[in-house]
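Good morning, and thank you for coming. I would like to take a few minutes to go through one structure with you, and I ask that you keep the display in view as I speak.

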Amino acid sequence: EATEDAHRRRITAVPAFVTVLLTVQVLAAAPCEELASAAPPHVTVTSARVVPSGPFATPGRGGQTPVALPAHCRIAAIAAPTADSRIAFEVWLPANNWNGKLQVVGNGGWAGTISYPAMAAALRSGYATASTDTGHEGGNAAFAVGHPEKIVDFAYRAVHETTVHAKTFVDTFYG
């Protein structure tokens, strides 16, 4: 009888232990839509939504052939660390098969655009990924005239802001 009672206690203890483990795992990560609350005061999240797997057409570039992307959490945001800053950036977080790494992708020349093709390639390889427009739109230096803070954004601050905030979103999303 004592052996039967001990066996019964073990059987009832296992589900409780499993329940605790599952609860901890669920509480360790945040749903995509709730990531806006992880942004600091000078960052405005304009969109945080789950994107199902399927074709993705690069925004703002007509005529591009859509590429197939895995399901992911897509966050679009604007950072304004100074009164004259407007740094657009996006962060994409794989819904499945994340490789545990963040890849912040660059853009060449005068930039002025988020590098969606490079983000798509990183996402397909399992990376959480981010990109920035480096604080301005367009591929020339017209933004710089009379705007010293925008020059700082372009020089380094936009990439720094994007990286810091992307890490926060990664930590909050994956736990």
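I shall speak about a central strand, the nonpolar cores, the disulfide, the aromatic pairs and, lastly, a loop.

Please bear in mind throughout that this is a predicted model.

Let me begin with strand E5. How many of the residues of E5 are buried? Eight of the eight are, so the strand is largely enclosed by the rest of the structure. The covering applies to both faces. On one side, Ile87, Phe89, Val91 and Leu93 are buried, and on the other side the buried residues are Ala88, Glu90, Trp92 and Pro94.

Which strands pair with E5? One is strand E4, residues 72-79, which runs antiparallel to E5 and is joined to it over eight bridges. Within that pairing, Ala77 has Phe89 of E5 as its bridge partner. Another is strand E7, residues 128-132, also antiparallel to E5, with four bridges. Here Glu90 stands opposite Ser131 of E7.

Glu90 deserves a moment of its own. This residue belongs to strand E5. Is Glu90 buried or exposed? Its relative accessibility is 4%, so Glu90 counts as buried, the limit being under 20%. What does the side chain of Glu90 meet there? It makes a polar contact with the side chain of Tyr116, at 2.7 Å. Beyond its neighbours within four places in sequence, Glu90 is in contact with a number of residues, among them Arg74, Ile75, Ala76, Ile114, Met119 and Thr129.

I turn now to the nonpolar cores. The largest of them has 22 residues, and the members that touch the most others are Leu35, Ile75, Val91, Leu93 and Phe169. Which elements supply at least two residues each to this core? They are E1, E4, E5, E7 and H3. The largest share comes from H3, with five residues. There is also a second, separate core of 10 residues, including Trp92, Ile114, Ala120 and Leu123.

Val91 shows what one of these core positions looks like in detail. Setting aside residues up to four places away in sequence, Val91 touches Cys73, Arg74, Ile75, Met119, Thr129, Ala130, Ala166 and Phe169.

One of those contacts, Cys73, leads to the next topic. The structure holds one disulfide. It is formed by Cys32 and Cys73, whose sulfur atoms are 2.0 Å apart. The torsion about the S-S bond is about 80°, so this disulfide is right-handed. Where do the two cysteines lie? Cys32 is in the loop between H1 and E1, while Cys73 is in strand E4, so the pair links distant parts of the chain, 41 residues apart. Both Cys32 and Cys73 are buried.

The loop that holds Cys32 also contains Ala29, between helix H1, residues 2-27, and strand E1, residues 43-51. Ala29 has a relative accessibility of 33% and counts as partly exposed. Apart from its neighbours within four places in sequence, Ala29 is in contact with Thr172, Phe173, Tyr174 and Gly175. The C-alpha atoms of Ala29 and Val170 are 9.5 Å apart, although 141 residues separate the two along the chain.

Tyr174 brings me to the aromatic residues. A search of the whole structure finds eight aromatic pairs. Why is the pair of Trp98 and Tyr174 described as stacked? The ring centres are 3.8 Å apart and the planes are at 5°, so the pair meets that description, which requires planes under 30 degrees apart. Trp98 lies in the loop between strands E5 and E6, and Tyr174 in helix H3, so the pair ties together parts that are 76 residues apart in sequence. Both residues are partly exposed: Trp98 has a relative accessible area of 29%, and Tyr174 has a relative accessibility of 22%. Elsewhere, Phe56, Trp92 and Tyr116 form one aromatic cluster. Tyr116 is the residue whose side chain makes the polar contact with Glu90.

Finally, consider Thr82, in the loop between E4 and E5. Its side chain makes a polar contact with the side chain of Ser85, at 2.6 Å. Not counting residues up to four places away in sequence, Thr82 touches Glu149 and Arg157.

That concludes the presentation, and I thank you for your attention.

How values were computed:
Residues are numbered from 1 along each chain as its sequence is written. This is a predicted model: local features need pLDDT of at least 70, side-chain atom pairs count only at pLDDT 80 or more; totals for chains, interfaces and linings use all residues. Side-chain values use heavy atoms; hydrogens and water are left out. Rings of Phe, Tyr and Trp (its six-membered ring) pair if their centres lie within 6.5 Å; planes under 30 degrees apart count as stacked, over 60 as edge-to-face and the rest as tilted. Buried means under 20% relative accessible area, exposed over 50%, partly exposed in between (1.4 Å probe, protein chains only). A polar contact is a pair of N or O atoms within 3.5 Å; within protein, one must be able to donate a hydrogen and the other to accept it, and residues adjacent in sequence count only if both atoms are side-chain atoms. Contact means heavy atoms within 4.5 Å. Two strands pair if DSSP finds at least two bridges between them. A nonpolar core is a set of buried Ala, Val, Leu, Ile, Met, Phe, Trp, Tyr and Cys residues joined through side-chain atoms within 4.5 Å. A disulfide is a pair of cysteine sulfur atoms within 2.5 Å.
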